[in-house]
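Trainee: I am new to this structure and would be grateful for a close look at one single part of it. Please choose the part, set out its surroundings, and explain the terms as they are needed.

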Amino acid sequence: MALTEHYPKAQRTAPRRLFPGLPGPLTLTAVRHGQSTANAAFQAAEAVGALDVGITCRDADLSLTTLGRAEARALGRWLATRSEDGVPQSLWVSPYLRTQETAELVVEELDRAGLPLPEICTDERLRDRELGVLEMLTSAAIELRHPQEAARRRLLGELRWRPPGGESLTDVAQRLRSALRDLYEGESNRRVLVVAHDAVVILLRHVIDDLQEGELQELTEGGAVRNTSVTRWIRDAKGALALDCWNERPHLEG
């Protein structure tokens with residue numbers, strides 16, 4: 001029996017209000033950064049089962065690739081055409097370099113289109129998940145060098161497994177709940193864009209949509225959040241954020 005079979009799926013008829021009494025944003029759009037140097041290096045290493053990705057800088061200092069910059073600019077141009085949704089009035093962004101670069105390129109495209117620019121808030125709570133001693137290790141390297149940790153990860157599940165010196169997904173969700181409360185209080189009736197990371201976007205689904213452990217596992221098994229993909233919630237008539245789209249890249253299609 002899989003561990004997730006112990007957790008029955010919740011029966012929902014409507015989105016829940018995350019913070020009753022707070023109106024919150026009109027729309028909340030979450031975007032993963034453009035392709036980073038680590039994304040490209042890990043993709044190449046995982047394809048051949050390599051143990052080393054050749055990256056020595058801090059995770060926070062990873063920059064965008066040429067492709068990642070093009071993705072970010074395409075996202076900015078697409079957002080500039082979304083007159084029916086309205087351009088974002090506020091932009092909340094992770095402090096990591098790759099997210100800051102993505103946000104800057106999006107804002108440049110909005111400025112180029114002659115649109116009002118969003119107010120920018122850099123928030124440490126939107127940083128990527130910290131993996132501690134397993135930072136920058138491929139799956140093959142973890143299995144070889146830390147077999148007990150790899151086994152513990154499989155046993156506990158991704159939501160609750162915390163690597164040595166790092167964070168579980170539950171840890172990340174806790175800081176996101178704190179950030180969301182401040183966002184709800186400070187961004188009432190506004191359109192908000194969040195530029196962050198794979199884990200952050202997934203856990204926003206977990207927190208806002210109240211996904212249970214089995215549902216979250218199904219979501220992650222569907223593949224990573226794609227670079228510069230769009231996930232959006234729209235406030236409904238009852239004041240709850242309802243999911244409008246998930247992990248879509250209309251700016252890179254066609």
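Mentor: Helices and strands are here DSSP runs, numbered from the N terminus, with at least four residues for a helix (H or I) and at least two for a strand (E). With those names, a place such as that of Met136 can be given as the loop between E3 and helix H4 (139-145). Please keep in mind that this is a predicted model.

I begin with the setting. The protein holds 8 helices and 6 strands, and from the N terminus on these elements follow the order β-α-α-β-α-β-α-α-α-β-α-α-β-β. Its radius of gyration is 18 Å, which agrees with the value near 18 Å that a compact globule of 254 residues would have. Along the principal axes, the C-alpha atoms fill a box of roughly 50 × 45 × 35 Å. Of the 254 residues, 48% count as buried. Among contacts with a separation of 6 or more, 77% join residues that lie 24 or more positions apart.

The part I choose is strand E4, residues 191-196. Is E4 enclosed or open? Because 5 of its 6 residues are buried, E4 is largely enclosed by the rest of the structure.

Consider next the strands that pair with E4. Strand E1 runs parallel to E4, and 6 bridges join the two; within this pairing, Leu28 has Val192 in E4 as its bridge partner. Strand E2 is also parallel to E4, and here the number of bridges is 4. Two residues of E2 may serve as markers: Leu91 has Leu193 in E4 as its bridge partner, and Val93 has Val195 in E4.

E2 deserves a closer look of its own. In E2, which spans residues 90-93, Ser90 and Trp92 point one way while Leu91 and Val93 point the other way, and all of them are buried. E2 also pairs with strand E3, residues 119-122, in the parallel sense over 4 bridges, and Leu91 stands opposite Ile120 in E3. Between E2 and E3 the chain passes through helix H3, residues 97-112, and this β-α-β crossover is right-handed. Arg112 has its place in helix H3; its relative accessibility is 60%, and because exposed means over 50%, Arg112 counts as exposed.

The side chains of E4 lead us to the nonpolar cores. In soluble globular proteins, nonpolar side chains tend to be buried together. The largest nonpolar core here has 31 residues, and Val194 is among those that touch the most other members, along with Leu28, Leu180, Leu204 and Ile208. Two or more residues of this core come from each of strand E1 (27-32), helix H6 (169-186), E4, helix H7 (198-208) and helix H8 (213-221). Which residues are in contact with Val194, leaving aside its neighbours within four places in sequence? They are Leu28, Thr29, Ala30, Val31, Trp92, Leu126 and Leu183. A second, separate core of 15 residues includes Val195, together with Val106, Leu110 and Val230.

Helix H7, one of the elements that give residues to the largest core, is mostly covered, with 10 of its 11 residues buried. Among these buried residues are Val200, Leu204, Arg205, His206 and Ile208. E4 is part of what covers them, as are E1, H6, H8, strand E5 (230-235) and strand E6 (241-248).

Just after H7 comes Asp210, in the loop between H7 and H8. Most residues other than glycine have a negative phi. Asp210 has a positive phi of about 55° although it is not a glycine. With a relative accessible area of 27%, Asp210 is partly exposed. Met136, mentioned at the outset, also has a positive phi, about 65°, and is not a glycine either; its relative accessible area is 15%, and because buried means under 20%, Met136 counts as buried.

To draw this together, E4 has E1 as a parallel partner and E2 as another. Through Val194, E4 takes part in the largest nonpolar core, while Val195 belongs to the second, separate one.

How values were computed:
Residues are numbered from 1 along each chain as its sequence is written. This is a predicted model: local features need pLDDT of at least 70, side-chain atom pairs count only at pLDDT 80 or more; totals for chains, interfaces and linings use all residues. Side-chain values use heavy atoms; hydrogens and water are left out. Buried means under 20% relative accessible area, exposed over 50%, partly exposed in between (1.4 Å probe, protein chains only). Two strands pair if DSSP finds at least two bridges between them. A crossover is right-handed if, with the strands pointing away from the viewer, the path from the first strand over the helix to the second runs clockwise. A nonpolar core is a set of buried Ala, Val, Leu, Ile, Met, Phe, Trp, Tyr and Cys residues joined through side-chain atoms within 4.5 Å. Contact means heavy atoms within 4.5 Å. The radius of gyration is taken over C-alpha atoms; the globule rule is 2.2 Å times the number of residues to the power 0.38.
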